[in-house]
Amino acid sequence: MTYSTAWPTEPYRRLPAGMISTIREIATSLGAGTGAVGLVMVIVIQIAGRILPTASDGANVVTMGMATLTAGASLLSGIVMLISRTLVRTGYVDTKGAILLRGFEAGLCAGAIFAMTVFLLFYVPGVAGSGRYNPQDRIEVTPGIVMYTLLPVLAMILTVVNLVVAHRLLFPTVKKVQEHLARESG
């Protein structure tokens, strides 16, 4: 099987069988893992946002909402990675579907970055500036508050990882495909 140095413009792009199985395995494991972690994060954020000392803060609705949106983007990103398996069939990748999937992953990534930024802009100053006017209102930084602060950051990182991996899996370089073909042929 020869492989040209430029991607064809047809709706399907041929790939070696070994590469197809690798793409399917990685997409399944990463998608299931990210989706499960995203679902757990959504639940933990909803519970922790109501029981932490910062729950009485006026901006808690904004911070909980943004943290939940970030975790939700991670959950959806995992589901999209699982869906990417359907684009990879024996011997080829559906090009149009792969482009749509990459765009959806990029949109989720941009949304996660925006929501995490808004979360950090409202939450961290609220904790750090507490007790400025009344020392009794000071919120102590506990492991729970640190964990709650890092959850949206972790969700955003997972979403970025999914975007990068989806792009690398569904749009491999010609050199990588040629190397894979050389390994398969002996």
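**Exercise 1.** In which helix does Ser 77 lie? Determine also whether Ser 77 is buried or exposed, and list its contacts beyond four places in sequence.

*Solution.* The model is a predicted one.
- Step 1: Ser 77 belongs to helix H2, which runs over residues 60-83.
- Step 2: The relative accessibility of Ser 77 is 0%. Buried means under 20%, so Ser 77 counts as buried.
- Step 3: With residues up to four places away in sequence set aside, Ser 77 touches Glu 105, Leu 108, Thr 159 and Asn 162.

**Exercise 2.** Describe the secondary structure of the protein chain and its order along the sequence, then decide how its radius of gyration stands against the globule rule.

*Solution.*
- Step 1: Five helices and three strands make up the count for the chain.
- Step 2: Their order along the sequence is β-α-α-β-β-α-α-α.
- Step 3: For 186 residues the globule rule gives 16 Å, whereas the radius of gyration of the chain is 21 Å; the chain is therefore more spread out than a compact globule.
- Step 4: The spans of the C-alpha trace along its principal axes are about 75 × 25 × 20 Å.

**Exercise 3.** Characterise the burial, contact range, surface and charge distribution of the chain.

*Solution.*
- Step 1: Buried residues account for 40% of the 186 residues.
- Step 2: Among contacts with a separation of 6 or more, 83% join residues 24 or more positions apart.
- Step 3: The accessible surface is about 10000 Å², and carbon and sulfur atoms hold 69% of that area.
- Step 4: The chain carries 14 positive and 9 negative charges, and the mean positions of the two sets are 7 Å apart.

**Exercise 4.** Compare the settings of Gly 33 and Gly 35 in terms of helix and accessibility.

*Solution.*
- Step 1: Gly 33 lies in helix H1; Gly 35 is also placed in H1, which covers residues 17-51.
- Step 2: Gly 33 has a relative accessible area of 33% and is thus partly exposed, whereas Gly 35, at 10%, counts as buried.
- Step 3: Gly 33 and Leu 82 are 49 residues apart in sequence, with 9.9 Å between their C-alpha atoms.
- Step 4: Gly 35 touches Leu 75 and Gly 78, residues up to four places away in sequence not being counted. The C-alpha atoms of Gly 35 and Met 147, 112 residues apart in sequence, are 19 Å apart in space.

**Exercise 5.** Which members of the largest nonpolar core touch the most other members? Identify the elements that give two or more residues to this core.

*Solution.*
- Step 1: The core has 23 residues, and those touching the most other members are Leu 15, Ile 23, Val 88, Val 93, Ala 98, Leu 101 and Leu 170.
- Step 2: Two or more residues each come from H1, H2, H3 (95-128), H4 and H5 (174-185). H3 gives the largest share, five residues.
- Step 3: Beyond its neighbours within four places in sequence, Ile 23 is in contact with Leu 15, Val 88, Leu 169 and Leu 170.
- Step 4: Another core, of 19 residues, lies apart from the largest one; Leu 52, Met 66, Ala 67 and Tyr 123 are among its members.

**Exercise 6.** Locate Thr 149 and establish which residues it touches beyond four places in sequence.

*Solution.*
- Step 1: Thr 149 is part of helix H4, residues 143-170.
- Step 2: At 16% relative accessibility, Thr 149 falls in the buried class.
- Step 3: The residues touched by Thr 149, apart from those up to four places away, are Phe 119, Leu 120, Tyr 123 and Val 124. Tyr 123 is also one of the residues in the core of 19.

Technical notes. Residues numbered from 1 in each chain as written. Predicted model: local features only at pLDDT ≥ 70, side-chain atom pairs only at ≥ 80, totals over all residues. Heavy atoms only, no water. Helix = DSSP H or I, 4+ residues; strand = E, 2+ residues; numbered from the N terminus. Buried < 20%, exposed > 50% of the residue type's maximum accessible area, 1.4 Å probe, protein only. Contact = heavy atoms within 4.5 Å. Rg over C-alpha atoms; globule rule 2.2 N^0.38 Å. Areas by Shrake-Rupley, 256 points an atom, 1.4 Å probe, with all protein chains shown as cover. Lys, Arg positive; Asp, Glu negative; His and termini not counted. Charge placed at Lys NZ, Arg CZ, Asp CG, Glu CD. Core = buried A, V, L, I, M, F, W, Y, C linked by side-chain atoms within 4.5 Å.
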